[in-house]
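I opened the notebook today to look up a few things in this structure. My list has cysteines, a pair of packed helices and some backbone angles.

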Amino acid sequence: MSTAKKTAQTRRQPRRTLTAPAIQPIPGESLTSWIGALADQQDFEMKPLLRELHLDRIGGLSGAELRLSDPVVRRMEKLTGIDAERLHAMTLARYAGNALPHLPLFSSDGVAVEQWHKGAWLHRSEAHWCTKCLRGNDSPRWLLRWKLPWSFACVDHAVYMVTECQACWDTIRFRHDAPPERTCENWTDEGEWTYDLGEPCGFPLNMCQPVPVSDDSVLALQARVNAWLDGMPTHEDRQLVALAAVLIPLLSPSMVRRGDPLLRYAVRSPRSTSQRQRKGRRPWTDSLRVAAAVYAADQLPRRGYSASEVADWIVDLRLLDHRRRPWRMDAAELAYGPSLRPNPFVEPLVHRGLITLGGGL
């Protein structure tokens, strides 16, 4: 060994460890958000922190947010003082029994995770957020339920979820190995082809102006969906979500003619008329469209209609709006998405030709 190498080894700084007390997660926070807040509090670089918590293994931080293994939980509990129950509650595994059926048991199983990701109704990297919630903390803290399309409004602040940067009007995408950014990192048109000489958008995400919810019934519906997500739903709540799941791609303006005019716009607008929206986005990535589907689904179950009668109602209203094109439900979406719970409304719509099965995502 050379003298220079020995000298470098003797001068190497000792390995840093976390100091107590660790920052506490806020109620409903996601694991990646809390890891980012912990890095800020401890003045840690992200890679050393993930290595210290053993989150740099197979699957990385995105795999850890799916499900934490017991050895990793024990180490995180020892180093941070956060109990295992709260650590598990910050992962998507808390929704494995309802919103995310068939969640893989092992996040290190890359094939199973990738197959599940193709059909799961989940915002894997696209950001959906409430700007007023982000402004309420010293640093932006992102909630776990925002990764699900079923969070279409913030009940606390009575606003719809924001889905795009309001400076460049592009989708916000997060890296899988880092916590959420505080500013928009999308490259502007001026800097897109300048070989890294341009600059990202840089607009603060907590400065986006959310759209207020003008209809209190939308907030009441979001509260019911939240009860379903938290594992405390009634039978009617389950029926509401099951019908909304099939309505999201099948919506027509007549289904929401008595609702909030903004929801009618979300269904009528050119951005929502195509089944596969711009840049390949699925219909359930639009929070206004999901809100419209839940609102429409609320109009029928309370009248005691059967699944066949509901299917007839959907067919009639779509014909009224001259929308006959069927929705192609992919095999992966049927197997992994919310349509299999089982969903009593899928089969009648398949028989009537409004849903066709098969194909790839």
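**Entry 1: cysteines.** Before searching, I wrote down what I would accept: a disulfide is a pair of cysteine sulfur atoms within 2.5 Å. In chemical terms, it is a covalent bond between the sulfur atoms of two cysteines. I also noted that I am working with a predicted model.

How many disulfides does a search of the whole structure find? I got zero.

I then checked individual cysteines. C154 takes part in no disulfide, and the nearest cysteine sulfur to it belongs to C133, 3.7 Å away. With the cut-off at 2.5 Å, that separation of 3.7 Å leaves C154 unpaired. I looked up the surroundings too: C154 is buried, at a relative accessible area of 8%.

C165 gave me a similar note. The nearest cysteine sulfur is that of C168, 3.8 Å away, and C165 is in no disulfide. Is C165 buried or exposed? I found it buried, because its relative accessible area is 0% and buried means under 20%.

**Entry 2: two helices.** Next I turned to α10, which covers residues 235-247, and α13, which covers residues 287-297. I read off that their axes come within 8 Å and cross at roughly 125°. How do α10 and α13 lie to each other? They are oblique, because an angle over 145 degrees would be needed for roughly antiparallel and 65 to 115 for roughly perpendicular. I also wrote down the handedness: α10 passes α13 in a right-handed crossing.

Which residues meet there? From α10 I listed L240, L243, A244 and L247, and from α13 their partners A293, V294, A296 and A297. Sorted by class, this contact of α10 with α13 has eight nonpolar residues, with no polar and no charged ones.

**Entry 3: positive phi.** Last, I looked up residues other than glycine with a positive phi, and noted two.

D43 has a phi of about 55°, and it is not a glycine. I placed D43 in the loop between α2 (31-42) and α3 (46-52). Its relative accessibility is 62%, so D43 counts as exposed.

H102 has a phi near 65°, again positive in a residue other than glycine. I found H102 in the loop between α6 (84-89) and α7 (110-119). Its relative accessible area is 46%, so I put H102 down as partly exposed.

Note on methods:
Residues are numbered from 1 along each chain as its sequence is written. This is a predicted model: local features need pLDDT of at least 70, side-chain atom pairs count only at pLDDT 80 or more; totals for chains, interfaces and linings use all residues. Side-chain values use heavy atoms; hydrogens and water are left out. Buried means under 20% relative accessible area, exposed over 50%, partly exposed in between (1.4 Å probe, protein chains only). Axes are lines fitted to C-alpha atoms, for helices over the stretch in contact, and angles run from 0 to 180 degrees between N-to-C directions. Helices (H or I, at least four residues) and strands (E, at least two) are DSSP runs, numbered from the N terminus. Angles under 35 degrees count as roughly parallel, over 145 as roughly antiparallel, 65 to 115 as roughly perpendicular and the rest as oblique. A crossing is left-handed if the near helix is turned anticlockwise from the far one by less than a right angle, and right-handed if clockwise. Contact means heavy atoms within 4.5 Å. Ala, Val, Leu, Ile, Met, Phe, Trp, Tyr, Cys and Pro count as nonpolar, Asp, Glu, Lys and Arg as charged, and the others, Gly among them, as polar.
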